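Okay, thanks for coming, everyone. I'd like to walk you through a structure, starting with the whole chain and then stopping at a few spots. Have a look at it first.

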Amino acid sequence: MPYITIKQPPVYRQMSFEEAIAGVDDLSKYVQPNITNTRTYFVEQPNQRLLENTDVDNMIAALKAFNTSKESLFVQSRKSLYHSFHIPKSSGGLRRIDAPLPELMTALRELKTLFEINMFALYHTTAFAYVKGRSTIDALKRHQRNESKWFLKLDFSNFFGSTTQKFVFAMLSQLFPFSEIVKSREGSSQVGAGELKRALSLCFLNNGLPQGTPISPFLTNLMMIAVDHKLSNSLRSFDSRRFVYTRYADDLLISCKIDFDKEKVQQFVIDTLSEFNAPFSINTAKTRYGSAAGRNWNLGLMLNGNNQITVGHKRKKEFKAMLDNYIRDRKSGRGWELHDIQVLGGLISYYRMVERDYINYLIKQCGEKHGVGIEACIKADLSA
(Lines give C-alpha, C1' and ligand atoms only; values in the text may rest on other atoms or scores of the structure.)
Protein backbone atom coordinates (compact mmCIF):
# COMPACT_ATOMS: atom_id res chain seq x y z
CA MET A 1 0.00 0.00 0.00
CA PRO A 2 2.43 2.69 -1.18
CA TYR A 3 2.19 6.46 -1.43
CA ILE A 4 2.66 7.74 -4.96
CA THR A 5 3.70 11.37 -5.35
CA ILE A 6 3.71 13.16 -8.70
CA LYS A 7 4.16 16.72 -9.92
CA GLN A 8 0.83 18.54 -10.17
CA PRO A 9 -0.04 19.70 -13.69
CA PRO A 10 -0.73 23.40 -14.44
CA VAL A 11 -4.10 24.85 -13.43
CA TYR A 12 -6.01 26.67 -16.15
CA ARG A 13 -8.38 29.56 -15.58
CA GLN A 14 -11.44 29.68 -17.80
CA MET A 15 -11.62 32.67 -20.10
CA SER A 16 -14.72 34.84 -19.69
CA PHE A 17 -16.99 35.75 -22.60
CA GLU A 18 -15.90 39.40 -22.36
CA GLU A 19 -12.23 38.39 -22.47
CA ALA A 20 -12.84 36.21 -25.52
CA ILE A 21 -14.48 39.09 -27.38
CA ALA A 22 -11.70 41.51 -26.40
CA GLY A 23 -9.04 39.12 -27.65
CA VAL A 24 -6.17 37.43 -25.82
CA ASP A 25 -2.90 39.30 -25.63
CA ASP A 26 -1.15 37.10 -23.06
CA LEU A 27 -2.09 33.46 -22.58
CA SER A 28 0.19 33.09 -19.57
CA LYS A 29 -2.23 34.94 -17.30
CA TYR A 30 -4.78 32.17 -17.81
CA VAL A 31 -2.35 29.52 -16.62
CA GLN A 32 -1.30 29.04 -13.00
CA PRO A 33 1.73 26.76 -13.45
CA ASN A 34 2.03 25.53 -9.81
CA ILE A 35 5.43 24.20 -10.83
CA THR A 36 6.34 23.25 -7.27
CA ASN A 37 3.03 21.67 -6.26
CA THR A 38 2.75 17.90 -5.99
CA ARG A 39 -0.09 15.44 -5.50
CA THR A 40 0.16 12.33 -3.31
CA TYR A 41 -2.05 9.26 -3.62
CA PHE A 42 -2.33 6.36 -1.19
CA VAL A 43 -3.17 3.18 -3.11
CA GLU A 44 -3.65 -0.46 -2.26
CA GLN A 45 -1.51 -1.52 -5.19
CA PRO A 46 0.18 0.45 -8.02
CA ASN A 47 -1.57 -0.19 -11.31
CA GLN A 48 -0.01 -2.55 -13.80
CA ARG A 49 0.86 0.14 -16.31
CA LEU A 50 2.85 2.07 -13.71
CA LEU A 51 4.67 -1.08 -12.65
CA GLU A 52 5.51 -1.96 -16.25
CA ASN A 53 7.01 1.49 -16.78
CA THR A 54 9.11 1.34 -13.62
CA ASP A 55 12.49 -0.31 -14.12
CA VAL A 56 13.10 -1.59 -10.59
CA ASP A 57 16.05 -3.72 -11.67
CA ASN A 58 17.78 -0.65 -13.08
CA MET A 59 17.15 1.25 -9.83
CA ILE A 60 18.67 -1.55 -7.76
CA ALA A 61 21.61 -1.76 -10.16
CA ALA A 62 22.19 1.99 -9.71
CA LEU A 63 22.12 1.62 -5.92
CA LYS A 64 24.50 -1.32 -6.09
CA ALA A 65 26.89 0.60 -8.37
CA PHE A 66 26.81 3.54 -5.98
CA ASN A 67 27.57 1.34 -2.98
CA THR A 68 30.40 -0.42 -4.78
CA SER A 69 32.01 2.86 -5.82
CA LYS A 70 31.90 4.17 -2.24
CA GLU A 71 33.42 1.12 -0.58
CA SER A 72 36.29 3.18 0.81
CA LEU A 73 33.80 5.34 2.74
CA PHE A 74 31.89 2.42 4.27
CA VAL A 75 35.03 1.04 5.94
CA GLN A 76 35.98 4.33 7.58
CA SER A 77 34.78 5.60 10.92
CA ARG A 78 31.77 7.80 10.18
CA LYS A 79 32.91 10.41 12.67
CA SER A 80 36.25 10.75 10.89
CA LEU A 81 34.40 11.86 7.73
CA TYR A 82 32.95 15.01 9.32
CA HIS A 83 34.15 18.41 10.44
CA SER A 84 31.96 19.60 13.33
CA PHE A 85 31.44 23.15 14.58
CA HIS A 86 28.72 25.32 16.16
CA ILE A 87 26.79 28.36 14.95
CA PRO A 88 24.50 30.67 16.96
CA LYS A 89 20.75 29.98 16.87
CA SER A 90 18.43 32.91 16.17
CA SER A 91 16.52 31.92 19.31
CA GLY A 92 19.70 31.78 21.40
CA GLY A 93 22.19 29.02 22.14
CA LEU A 94 24.29 27.12 19.63
CA ARG A 95 23.44 24.70 16.82
CA ARG A 96 25.89 21.91 15.99
CA ILE A 97 26.78 21.58 12.33
CA ASP A 98 28.38 18.38 11.02
CA ALA A 99 29.87 19.16 7.62
CA PRO A 100 31.03 16.15 5.55
CA LEU A 101 34.60 16.12 4.29
CA PRO A 102 34.90 16.50 0.48
CA GLU A 103 34.80 12.78 -0.44
CA LEU A 104 31.67 12.11 1.63
CA MET A 105 30.08 15.39 0.52
CA THR A 106 30.45 14.30 -3.11
CA ALA A 107 29.01 10.86 -2.35
CA LEU A 108 25.95 12.30 -0.57
CA ARG A 109 25.29 14.66 -3.46
CA GLU A 110 25.47 11.69 -5.84
CA LEU A 111 23.02 9.70 -3.72
CA LYS A 112 20.58 12.63 -3.57
CA THR A 113 20.73 12.93 -7.36
CA LEU A 114 20.24 9.17 -7.67
CA PHE A 115 17.06 9.36 -5.59
CA GLU A 116 15.77 12.38 -7.52
CA ILE A 117 16.55 11.14 -11.04
CA ASN A 118 16.38 7.34 -10.88
CA MET A 119 13.66 7.07 -8.22
CA PHE A 120 11.94 10.40 -9.13
CA ALA A 121 11.68 11.20 -5.41
CA LEU A 122 9.60 14.26 -4.55
CA TYR A 123 7.94 15.78 -1.46
CA HIS A 124 4.40 16.33 -0.22
CA THR A 125 2.76 19.52 -1.45
CA THR A 126 2.48 20.83 2.13
CA ALA A 127 6.29 20.74 2.60
CA PHE A 128 7.99 24.05 1.87
CA ALA A 129 11.52 23.84 3.28
CA TYR A 130 14.48 22.62 1.20
CA VAL A 131 12.47 22.75 -2.04
CA LYS A 132 13.74 24.81 -4.97
CA GLY A 133 11.26 27.56 -5.82
CA ARG A 134 9.56 27.48 -2.40
CA SER A 135 9.99 29.71 0.62
CA THR A 136 8.40 30.70 3.92
CA ILE A 137 6.31 33.20 1.98
CA ASP A 138 4.80 30.44 -0.17
CA ALA A 139 3.93 28.45 2.94
CA LEU A 140 2.18 31.41 4.55
CA LYS A 141 0.27 32.16 1.34
CA ARG A 142 -1.57 28.84 1.74
CA HIS A 143 -3.06 30.18 4.99
CA GLN A 144 -3.63 33.61 3.49
CA ARG A 145 -5.71 32.16 0.64
CA ASN A 146 -7.91 30.43 3.21
CA GLU A 147 -8.36 33.78 4.99
CA SER A 148 -7.43 32.02 8.22
CA LYS A 149 -7.80 33.96 11.47
CA TRP A 150 -6.60 31.45 14.08
CA PHE A 151 -3.19 29.80 14.04
CA LEU A 152 -1.54 26.90 15.87
CA LYS A 153 2.24 26.67 15.59
CA LEU A 154 3.89 23.37 16.55
CA ASP A 155 7.55 22.53 16.62
CA PHE A 156 9.35 19.17 16.48
CA SER A 157 11.93 18.50 19.15
CA ASN A 158 15.40 17.56 17.80
CA PHE A 159 13.96 16.78 14.37
CA PHE A 160 17.24 15.91 12.63
CA GLY A 161 19.13 14.44 15.56
CA SER A 162 16.41 12.00 16.60
CA THR A 163 15.64 10.79 13.07
CA THR A 164 17.01 7.26 12.80
CA GLN A 165 18.02 5.18 9.80
CA LYS A 166 15.41 2.61 10.80
CA PHE A 167 12.65 5.22 10.61
CA VAL A 168 13.81 6.66 7.28
CA PHE A 169 14.02 3.18 5.74
CA ALA A 170 10.56 2.28 7.06
CA MET A 171 9.03 5.46 5.63
CA LEU A 172 10.79 5.11 2.28
CA SER A 173 9.49 1.54 2.08
CA GLN A 174 5.98 3.03 1.92
CA LEU A 175 6.82 5.32 -1.01
CA PHE A 176 6.70 4.28 -4.64
CA PRO A 177 9.08 3.21 -6.22
CA PHE A 178 11.11 2.51 -3.06
CA SER A 179 8.29 0.17 -2.06
CA GLU A 180 9.04 -1.96 -5.13
CA ILE A 181 12.80 -1.83 -4.57
CA VAL A 182 12.54 -3.30 -1.06
CA LYS A 183 10.20 -6.06 -2.32
CA SER A 184 12.67 -7.38 -4.87
CA ARG A 185 14.33 -10.68 -4.02
CA GLU A 186 17.10 -12.86 -5.36
CA GLY A 187 16.86 -16.27 -3.81
CA SER A 188 16.18 -15.75 -0.11
CA SER A 189 17.96 -12.37 0.27
CA GLN A 190 16.23 -9.05 -0.21
CA VAL A 191 18.60 -7.50 -2.74
CA GLY A 192 16.90 -4.11 -3.09
CA ALA A 193 16.33 -3.63 0.63
CA GLY A 194 19.97 -4.44 1.39
CA GLU A 195 21.35 -2.02 -1.19
CA LEU A 196 19.00 0.76 -0.05
CA LYS A 197 19.90 0.26 3.63
CA ARG A 198 23.61 0.25 2.80
CA ALA A 199 23.36 3.47 0.80
CA LEU A 200 21.30 5.16 3.52
CA SER A 201 23.85 4.24 6.17
CA LEU A 202 26.23 6.83 4.68
CA CYS A 203 23.70 9.55 5.50
CA PHE A 204 23.73 9.08 9.28
CA LEU A 205 26.05 10.10 12.09
CA ASN A 206 25.59 8.94 15.68
CA ASN A 207 22.28 7.34 14.59
CA GLY A 208 20.80 10.67 13.54
CA LEU A 209 20.67 12.89 10.47
CA PRO A 210 23.56 15.38 10.70
CA GLN A 211 22.81 19.02 9.98
CA GLY A 212 25.23 20.21 7.35
CA THR A 213 24.93 17.58 4.60
CA PRO A 214 23.27 18.01 1.19
CA ILE A 215 20.99 15.00 1.69
CA SER A 216 19.68 15.33 5.26
CA PRO A 217 17.05 18.00 4.47
CA PHE A 218 16.01 16.09 1.35
CA LEU A 219 15.51 12.88 3.35
CA THR A 220 13.32 14.66 5.92
CA ASN A 221 10.91 15.72 3.19
CA LEU A 222 10.84 12.18 1.79
CA MET A 223 10.27 10.47 5.13
CA MET A 224 7.49 12.92 6.03
CA ILE A 225 5.36 12.33 2.92
CA ALA A 226 3.09 9.80 4.65
CA VAL A 227 2.78 11.96 7.78
CA ASP A 228 2.14 15.15 5.79
CA HIS A 229 -0.45 13.31 3.69
CA LYS A 230 -2.33 12.05 6.75
CA LEU A 231 -2.30 15.41 8.53
CA SER A 232 -3.19 17.44 5.45
CA ASN A 233 -6.07 15.22 4.35
CA SER A 234 -7.52 14.65 7.82
CA LEU A 235 -7.36 18.29 8.85
CA ARG A 236 -9.36 19.41 5.83
CA SER A 237 -12.52 18.41 7.67
CA PHE A 238 -11.27 17.81 11.20
CA ASP A 239 -13.74 18.48 14.03
CA SER A 240 -16.33 19.80 11.51
CA ARG A 241 -13.95 22.59 10.51
CA ARG A 242 -11.64 23.21 7.58
CA PHE A 243 -8.00 23.55 8.53
CA VAL A 244 -4.96 24.42 6.44
CA TYR A 245 -1.73 22.56 7.21
CA THR A 246 1.81 23.39 6.09
CA ARG A 247 5.23 22.22 7.26
CA TYR A 248 8.50 24.10 6.98
CA ALA A 249 11.19 21.64 8.16
CA ASP A 250 10.30 21.11 11.84
CA ASP A 251 7.76 23.96 12.01
CA LEU A 252 4.11 22.97 11.60
CA LEU A 253 1.47 25.64 11.01
CA ILE A 254 -2.22 24.76 11.27
CA SER A 255 -4.85 27.44 10.73
CA CYS A 256 -8.60 27.91 10.53
CA LYS A 257 -11.06 30.73 9.87
CA ILE A 258 -12.63 30.29 13.30
CA ASP A 259 -11.42 29.64 16.84
CA PHE A 260 -10.66 25.97 17.55
CA ASP A 261 -9.58 23.60 20.31
CA LYS A 262 -5.79 23.74 20.02
CA GLU A 263 -5.31 20.88 22.49
CA LYS A 264 -7.47 18.59 20.40
CA VAL A 265 -5.61 19.43 17.19
CA GLN A 266 -2.22 19.10 18.86
CA GLN A 267 -3.19 15.69 20.23
CA PHE A 268 -4.22 14.59 16.74
CA VAL A 269 -0.75 15.50 15.47
CA ILE A 270 0.86 13.62 18.37
CA ASP A 271 -1.31 10.56 17.67
CA THR A 272 -0.37 10.70 13.97
CA LEU A 273 3.34 10.74 14.81
CA SER A 274 2.78 7.76 17.08
CA GLU A 275 0.89 5.93 14.33
CA PHE A 276 3.96 6.11 12.10
CA ASN A 277 6.37 5.37 14.99
CA ALA A 278 8.12 8.70 14.53
CA PRO A 279 11.26 8.95 16.72
CA PHE A 280 10.75 12.71 17.27
CA SER A 281 7.96 14.46 19.19
CA ILE A 282 6.23 17.82 19.59
CA ASN A 283 8.15 20.34 21.68
CA THR A 284 5.14 21.51 23.70
CA ALA A 285 7.17 24.33 25.26
CA LYS A 286 7.20 26.02 21.84
CA THR A 287 3.52 25.47 21.03
CA ARG A 288 1.81 28.77 20.26
CA TYR A 289 -1.82 29.59 19.52
CA GLY A 290 -3.39 32.92 18.64
CA SER A 291 -5.39 34.99 16.20
CA ALA A 292 -4.47 37.33 13.36
CA ALA A 293 -5.68 40.18 15.56
CA GLY A 294 -2.55 39.83 17.70
CA ARG A 295 1.16 39.64 16.91
CA ASN A 296 0.70 36.83 14.44
CA TRP A 297 4.31 35.99 13.53
CA ASN A 298 4.82 32.77 11.59
CA LEU A 299 8.03 31.64 9.91
CA GLY A 300 9.54 35.08 10.47
CA LEU A 301 6.67 36.89 8.77
CA MET A 302 3.42 38.43 9.94
CA LEU A 303 -0.01 37.62 8.54
CA ASN A 304 -1.96 40.53 9.94
CA GLY A 305 -5.63 41.15 10.66
CA ASN A 306 -6.12 42.49 7.13
CA ASN A 307 -4.89 39.16 5.72
CA GLN A 308 -1.69 40.77 4.45
CA ILE A 309 1.76 39.20 4.67
CA THR A 310 4.29 41.71 5.95
CA VAL A 311 7.81 41.83 7.35
CA GLY A 312 6.50 44.07 10.12
CA HIS A 313 6.71 47.77 10.92
CA LYS A 314 9.90 47.48 12.99
CA ARG A 315 11.83 45.66 10.26
CA LYS A 316 10.72 48.15 7.61
CA LYS A 317 11.88 51.01 9.80
CA GLU A 318 15.26 49.32 10.31
CA PHE A 319 15.53 48.59 6.58
CA LYS A 320 14.85 52.24 5.71
CA ALA A 321 17.59 53.34 8.12
CA MET A 322 19.95 50.73 6.67
CA LEU A 323 19.48 52.10 3.14
CA ASP A 324 20.10 55.62 4.35
CA ASN A 325 23.22 54.67 6.31
CA TYR A 326 24.66 52.72 3.39
CA ILE A 327 24.47 55.70 1.02
CA ARG A 328 25.70 58.20 3.64
CA ASP A 329 28.71 56.02 4.50
CA ARG A 330 29.44 55.46 0.81
CA LYS A 331 29.41 59.18 0.05
CA SER A 332 31.68 59.94 3.00
CA GLY A 333 34.23 57.34 1.89
CA ARG A 334 33.44 54.84 4.63
CA GLY A 335 32.44 52.01 2.30
CA TRP A 336 30.80 48.96 3.83
CA GLU A 337 32.44 45.56 4.07
CA LEU A 338 31.51 43.09 1.33
CA HIS A 339 29.53 40.90 3.75
CA ASP A 340 27.40 43.85 4.92
CA ILE A 341 26.63 44.86 1.33
CA GLN A 342 25.64 41.28 0.53
CA VAL A 343 23.31 41.28 3.55
CA LEU A 344 21.66 44.50 2.34
CA GLY A 345 21.24 43.06 -1.15
CA GLY A 346 19.75 39.89 0.31
CA LEU A 347 17.27 41.88 2.40
CA ILE A 348 16.17 43.83 -0.66
CA SER A 349 15.47 40.61 -2.56
CA TYR A 350 13.68 38.95 0.37
CA TYR A 351 11.60 41.93 1.48
CA ARG A 352 10.66 42.63 -2.13
CA MET A 353 9.19 39.12 -2.38
CA VAL A 354 6.99 39.92 0.62
CA GLU A 355 6.00 43.55 -0.01
CA ARG A 356 7.22 44.48 -3.49
CA ASP A 357 5.45 47.82 -3.93
CA TYR A 358 6.37 49.24 -0.54
CA ILE A 359 10.01 48.11 -0.70
CA ASN A 360 10.35 49.58 -4.20
CA TYR A 361 8.89 52.81 -2.83
CA LEU A 362 11.43 52.93 0.03
CA ILE A 363 14.35 52.27 -2.33
CA LYS A 364 13.17 54.93 -4.78
CA GLN A 365 12.50 57.46 -2.00
CA CYS A 366 15.94 56.97 -0.44
CA GLY A 367 17.65 57.09 -3.84
CA GLU A 368 15.94 60.34 -4.80
CA LYS A 369 16.82 61.81 -1.42
CA HIS A 370 20.53 61.20 -1.99
CA GLY A 371 20.51 61.59 -5.77
CA VAL A 372 21.76 58.06 -6.50
CA GLY A 373 20.53 54.71 -7.75
CA ILE A 374 20.81 52.50 -4.67
CA GLU A 375 20.74 49.16 -6.47
CA ALA A 376 23.27 50.43 -9.03
CA CYS A 377 25.56 51.39 -6.13
CA ILE A 378 25.19 47.94 -4.56
CA LYS A 379 25.94 46.25 -7.88
CA ALA A 380 29.04 48.38 -8.39
CA ASP A 381 30.32 47.72 -4.86
CA LEU A 382 29.79 43.98 -5.17
CA SER A 383 31.73 43.82 -8.44
CA ALA A 384 34.57 46.11 -7.26
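**The overall picture**

So, of the contacts in this protein with a separation of 6 or more, 71% are between residues 24 or more positions apart. Keep in mind that this is a predicted model. In terms of secondary structure, we have 16 helices and 14 strands. The C-alpha atoms fill a box of roughly 80 × 55 × 50 Å along the principal axes. And of the 384 residues, 46% are buried.

Let's go to a strand. Arg247 sits in E8, which covers residues 243-248. Is Arg247 buried or exposed? Buried: its relative accessibility is 0%, and the cut-off for buried is under 20%, so that one is clear. What does its side chain make a polar contact with? That's the side chain of Asn221, at 3.0 Å. Arg247 also touches plenty of residues beyond its neighbours within four places in sequence, among them Phe128, Phe156, Phe159, Met224 and Leu252.

Another residue on that contact list is Asp228, and Asp228 belongs to the buried set of helix H11. H11 runs from 225 to 235 and is mostly covered, with eight of its 11 residues buried. Besides Asp228, the buried ones include Ile225, Val227, His229, Leu231 and Leu235.

Follow the chain on from H11 and you get the loop that leads to E8, and Ser240 is in that loop. Ser240 isn't a glycine, yet its phi is positive, near 60 degrees. With 78% relative accessibility, Ser240 counts as exposed.

There's another positive phi at Glu147, also a non-glycine residue, with a value near 55 degrees. Where is Glu147? In the loop between H6 and strand E7, the latter being residues 150-157. Glu147 is partly exposed, at 48% relative accessible area. As for H6 itself, residues 136-145, its buried residues are Thr136, Ile137, Ala139, Leu140, Arg142 and His143. For a helix like that, it helps to remember that residues three or four places apart point the same way, because an α-helix has 3.6 residues a turn.

Now for some helix packing. H7 is residues 165-172 and H9 is residues 191-201; their axes come within 11 Å and cross at roughly 135 degrees. That angle is why we call H7 oblique to H9. The crossing is right-handed. On the H7 side you have Gln165, Val168, Phe169 and Leu172, and they meet Ala193, Leu196, Lys197, Leu200 and Ser201 of H9. By type, that contact has six nonpolar residues, two polar and one charged.

Past H7, look for Pro177, in the loop between H7 and helix H8, which is 178-183. The peptide bond joining Phe176 and Pro177 is cis, with omega at about 5 degrees.

One last pair: H14, residues 338-354, packs with H15, residues 356-370, at about 135 degrees, and the axes are 6 Å apart. So H14 is oblique to H15. Which residues make the contact? From H14 they are Ile348, Tyr351, Arg352 and Val354, and from H15 they are Arg356, Ile359, Asn360 and Ile363. That divides into five nonpolar, one polar and two charged.

That's my tour, so over to you.

Note on methods. Residues are numbered from 1 along each chain as its sequence is written. This is a predicted model: local features need pLDDT of at least 70, side-chain atom pairs count only at pLDDT 80 or more; totals for chains, interfaces and linings use all residues. Side-chain values use heavy atoms; hydrogens and water are left out. Buried means under 20% relative accessible area, exposed over 50%, partly exposed in between (1.4 Å probe, protein chains only). Helices (H or I, at least four residues) and strands (E, at least two) are DSSP runs, numbered from the N terminus. A polar contact is a pair of N or O atoms within 3.5 Å; within protein, one must be able to donate a hydrogen and the other to accept it, and residues adjacent in sequence count only if both atoms are side-chain atoms. Contact means heavy atoms within 4.5 Å. Axes are lines fitted to C-alpha atoms, for helices over the stretch in contact, and angles run from 0 to 180 degrees between N-to-C directions. Angles under 35 degrees count as roughly parallel, over 145 as roughly antiparallel, 65 to 115 as roughly perpendicular and the rest as oblique. A crossing is left-handed if the near helix is turned anticlockwise from the far one by less than a right angle, and right-handed if clockwise. Ala, Val, Leu, Ile, Met, Phe, Trp, Tyr, Cys and Pro count as nonpolar, Asp, Glu, Lys and Arg as charged, and the others, Gly among them, as polar.
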